[in-house]
Amino acid sequence: MGILTDPSAGQGKITKIIIKYYSKISVLMYVGGVMWFFLLAYSPLNAGTYFSENALLPGLVKSEFRDESSARQYFDELQDEMKLYENSIPYPWILAKFQQIGLDTYTHNFTLNYPLGKANIKYAGKNVYGILRAARAGSTESLVMSVPYRPPSNIHPSTASSIAIMLAFAKHANRQKYWSKDIIFLITEHEQLGVQAWLEAYYNVVCGHRGVLDHGDLRGRGGAIQAAINLEFHDVNIAKMDIKVEGLNGQLPNLDLFNLATRMCSKEGIIHTFKGRENRSYRQGLKDWSYAFETMMYMVFTQATGIPNGNHGLFHRFGIQALTLEGISDKKSHYSNHGNLLSTGRVLESIFRSLNNLLERFHQSYFFYLLPSSDRFVSIGLYIPSICLIAGALFLKACGKWFRLYQYLVNLSEHGNNSDHSHAEDVELTSDLAIQENVNTNADINLMQIFGVLFFTHAVGIIIMNSPKVITRIGAEYNLNTETSVYGGFALMFAILLFTPLFVRIKSCYNSMTVLHVISLLELGTVLICLSMYNFSLGMLLGTIYVPMLLFIEPRYCRILSCIQKFIWIITHPLVVLTFIVFIFTYINFPGETFKENFGRSLAATEHALIFSIVDFMIYSNWLYGVVCCVIVPNWLCFWSILFSAPKPKTDSNVTKKDN
Amino acid sequence: MNKRNYFVFHVIFFAIIIVCHCENYTDKIDDFFQNKHTNNWAVLVDTSRFWFNYRHVSNVLSIYRSVKRLGIPDSQIILMIADDMSCNPRNPRPATVFNNANQHINVYGDDVEVDYRGYEVTVENFVRLLTGRLPPDTPRSKQLLTDEGSNILVYLTGHGGDGFLKFQDSEEITSQEMADALEQMWQKQRYHELFFMIDTCQAASMYERFYSPNILAVASSLVGEDSLSHHVDPAIGVYIIDRYTYYALDFLENVDPFSKKTIGEFLTVCPKRVCISTVGIRKDLFGRNPYDVPVTDFFGSVRPIKLLSNTSSDTNLLISTTKKVVPRSKSQYRYVPPLISFKK
């Protein structure tokens, strides 16, 4: 088999097939990939979950927790205490309880220097944690049980009952002699910020931009953290336990941990849900599939944003397997206000005793998976072919375009040579002249110019990525708030960049633009594959949106077609996509409002979403913003320029016909 | 008259019974001397570590307890245990190892002598132990000091696969290595008969390559089968014993040093109905019919007894001389002169 630039390569059978049918095959590949993805939720095609870590010994031990009354008492006390602290954790009470139980008790201060807007806005926070030291083991390993504290002024539902159950569990656990790992009981402030700061302080690293989050220092540590369970119980009476797994940048905890949580909930008789949905079986293939597919798509959407849907998501980066148990209160049956703290306490006990049995980090089972329900999973081996097919369509198109260009050039030069020799023999003189002209204008592939375009677009991407700080400073000068200035600034940049093609000097050169097209296709294909290795959902969604557009986009002679292409391509700009999606969601969520109200609301929501993604990028280093700025926008610009380029010269068809 | 006849009849009857009995008795004496082995040894090995393998430690300690109860002294038991379960921080009952859910018997009692422990349990040490190629400074308790008259019980438990047995988490002994080690033992006249017992997954693969004589092998599962655990102790939170060993112990608990139960019976302790795996047996290398071999030939111990056919006067003399009491001298203390100077 010859290499691409080998003159004989154009004659191979496969090459000929690719040249002839690449557009059809790539469409087929795309459709195949999407179909494959759709079928993943069909239960005969995925697998049931199972434990692969022997050491866990899940739920073999009898639960001994029966201290429900003290949990109840802690809860009542905390309710009283919370009235005194409107905006912060009731530190003295929690510290006193930790100390009474007999834990090593510490506090941890952190500061956030808000990166946007006017300079030097600071927010301070304070976490509380207590460490239960394993009596018969060295403090080399630990487990974490964390609760985000929400003061009464917080808009989210309260987590007071999870603190109560945590304290009761700590009291029970401290009396036991079988712990082989320390247990860290962590109560954090300011939702994810507190956990992020605590983790950064624990490992003494900075994850986001330097100087944004000052993580402070910890005075007590407990060795390598093996696993973490984050609790968000909203009530003492818990009807359902929702298990959340999606972490930062779409990272997931080991499937064994998820299995452990589901299994322990079942064991103690608490209904568990995933994405708020119970496992259902309709015994009808299609209905089952659509239910499972919907569940899976919820997971895909959450994972694709890369935003953790609970405090557990920030642990994953440090190799700590973590998940959130969200206790959803039982609104309907208030037959007992005593609650079922006993069962929830036993769920925690069972999970922690299983984790206690671990001998090494979670390393068995799967780290990459999709869950169509809590008892079935799609492993990476099953889902990766779908994105490979979708991204493969791009590669195939790039390949086909390259071969065609090559064939065109070969034919052209042969024809040119022939015509040179046979000038006197006046064979289709006019056509020859036209070809000559084309050769003159098109023959050279201007590599410098191509790389110039690529460099320019990517540089622009990096500038956009780092611009928010400056934009908000400028905005603040004109008394614009942060959100508006960032969104306005981005929209302005978007508008200016629409004129990029004017400055691309090679756009009339068919050959150079084809090479640019090929490179851009390859870039996006590669990025899709790389992304989906880490965050499959993001790669899959991007692929599903962009690949059909890119298969369709081609510089054309037809004015109308060309305009439609340009319009569609503008719609797929990330900023437009974001605005569009938020509009739709607002429309769905607030159906009664007038268009004007809806518009205002969704614009504000879009601005917020943009700011959140930027702040997430700076504090937690959420990739989404970076990927979009550094890859998607530059790539978009390249294709935008390609849309304005010269289409394939018409004479080319004559040439190929002659050749055939 | 009638009464007298009756009496005579009785006497004759009893005489016959006594004679028969005596005859029987002498048979048994002969039987006793047919046993060619002169001493018993046991090599009990647990090859796996980690808390979740609690059951393997409890397996091997249970067998240890049985063979000790049946009379093999600690000096002739080599006990290899790869991990210390009793002191594992996860153990809610520190310093104990139990072999059943109700925690009746603490098999890690006061008088357990572990000869190879923790990371000493390696393939190299095991093979060196069997073949006797240990460094000269090895303590006697870590040596298998067997001879051509020794009956050896080898019990292995751990995680196995097709053709190997995993030691610790790092190495394996293959069935070929095992077979070669036993052949070396045979050539070095280190055993008379050997009973090879193994409780692992695919255990039968371990004895397939054996080619040395006088080996009787039993395995908890055939190739391609898993050996399963018997039950969980919810108080400790682990699988506490394996099925095959559990039923083997069930049998051994009813055996005492004078029991007439045979190895043949022992080989059928765990039918597939209860074991779930199929117990594999290999007896083609073994010269005798297992149903003629008492269990105590391997699990019990014989003391070296030499029965003499006729009492010779020499021995009597010897006994009498040893019985002679030396009269105490009345002058118990006397002056001992200082050291003599030889230079004079």
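**Exercise 1. Identify the bridge partner of Gly48(A) in strand 12 of chain A, then place that pair in its sheet.**

Solution. The model is predicted.

Step 1. Gly48(A) is bridged to Arg376(A), a residue of strand 12 of chain A.

Step 2. Strand 12 covers residues 376-379 of chain A and is joined to strand 1 of chain A by 2 bridges, the two strands running antiparallel.

Step 3. The sheet is open and has 3 strands of chain A in the order 1-12-11, with antiparallel pairing. Its edges are strand 1 (47-48) and strand 11 (369-373) of chain A, each of which pairs on one side only.

**Exercise 2. Decide whether Asp256(A) is buried or exposed, and list its contacts beyond four places in sequence.**

Solution.

Step 1. Asp256(A) belongs to helix 6 of chain A, residues 255-267.

Step 2. Within 10 Å of Asp256(A) there are 26 other C-beta atoms. The cut-off for a buried residue is 20 or more, so Asp256(A) is buried.

Step 3. With neighbours within four places in sequence set aside, the contacts of Asp256(A) are Phe51(A), Ser52(A), Glu53(A), Leu56(A), Phe362(A), Gln364(A) and Ser365(A).

Step 4. As a distance check, Asp256(A) and Cys629(A) lie 35 Å apart from C-alpha to C-alpha, with a sequence separation of 373 residues.

**Exercise 3. Describe how chain A is divided into domains and what the side of domain 1 that touches domain 2 is made of.**

Solution.

Step 1. Chain A has 660 residues, 46% of them buried, and its secondary structure consists of 21 helices and 12 strands. The C-alpha trace of chain A spans about 105 × 60 × 55 Å along its principal axes.

Step 2. Domain 1 of chain A takes in 7-40 + 384-659, and domain 2 takes in 54-374. Over C-alpha atoms, the centres of domain 1 and domain 2 of chain A are 43 Å apart.

Step 3. The contact between the domains of chain A involves 23 residues of domain 1 and 23 residues of domain 2. On the domain 1 side, at least two residues each come from helix 12 (468-477), helix 16 (536-552), helix 19 (595-619) and helix 20 (623-643) of chain A. Helix 16 of chain A gives the most to this side, 5 residues.

Step 4. Sorted by class, the side of domain 1 of chain A that touches domain 2 has 15 nonpolar, 6 polar and 2 charged residues.

**Exercise 4. Locate the largest nonpolar core and name the residues with the most contacts inside it.**

Solution.

Step 1. The largest nonpolar core has 250 residues, and Met166(A), Ala261(A), Val43(B), Leu44(B) and Leu153(B) have the most contacts inside it.

Step 2. Helix 20 of chain A supplies the largest share of this core, 15 residues. Both domain 1 and domain 2 of chain A give residues to the core, so it lies between them.

Step 3. Beyond four places in sequence, Leu153(B) is in contact with residues including Ala42(B), Val67(B) and Phe195(B).

**Exercise 5. Characterise helix 2 of chain B and the contact between chains A and B.**

Solution.

Step 1. Helix 2 of chain B (residues 54-69) has 16 residues and reaches 22 Å from first to last C-alpha, close to the 22 Å expected.

Step 2. Of these 16 residues, 15 are buried, so helix 2 of chain B is largely enclosed by the rest of the structure. Gly71(B) follows this helix and has a positive phi near 115 degrees.

Step 3. The contact between the chains takes 17 residues from chain A and 13 residues from chain B. The chain B side has 10 nonpolar, 2 polar and 1 charged residues.

Key. Residues are numbered from 1 along each chain as its sequence is written. Chains are lettered from A and ligands numbered from 1 in the order in which they are written. This is a predicted model: local features need pLDDT of at least 70, side-chain atom pairs count only at pLDDT 80 or more; totals for chains, interfaces and linings use all residues. Two residues are in contact if their C-beta atoms, placed from the backbone, lie within 7 Å. Ala, Val, Leu, Ile, Met, Phe, Trp, Tyr, Cys and Pro count as nonpolar, Asp, Glu, Lys and Arg as charged, and the others, Gly among them, as polar. Two strands pair if DSSP finds at least two bridges between them. Helices (H or I, at least four residues) and strands (E, at least two) are DSSP runs, numbered from the N terminus. The expected span of a helix is 1.5 Å times one less than its number of residues. A residue is buried if 20 or more other C-beta atoms lie within 10 Å of its own, exposed if 12 or fewer, and partly exposed in between; C-beta atoms are placed from the backbone. Domain bounds come from an automatic or database domain assignment. A nonpolar core is a set of buried Ala, Val, Leu, Ile, Met, Phe, Trp, Tyr and Cys residues joined through C-beta atoms within 7 Å.
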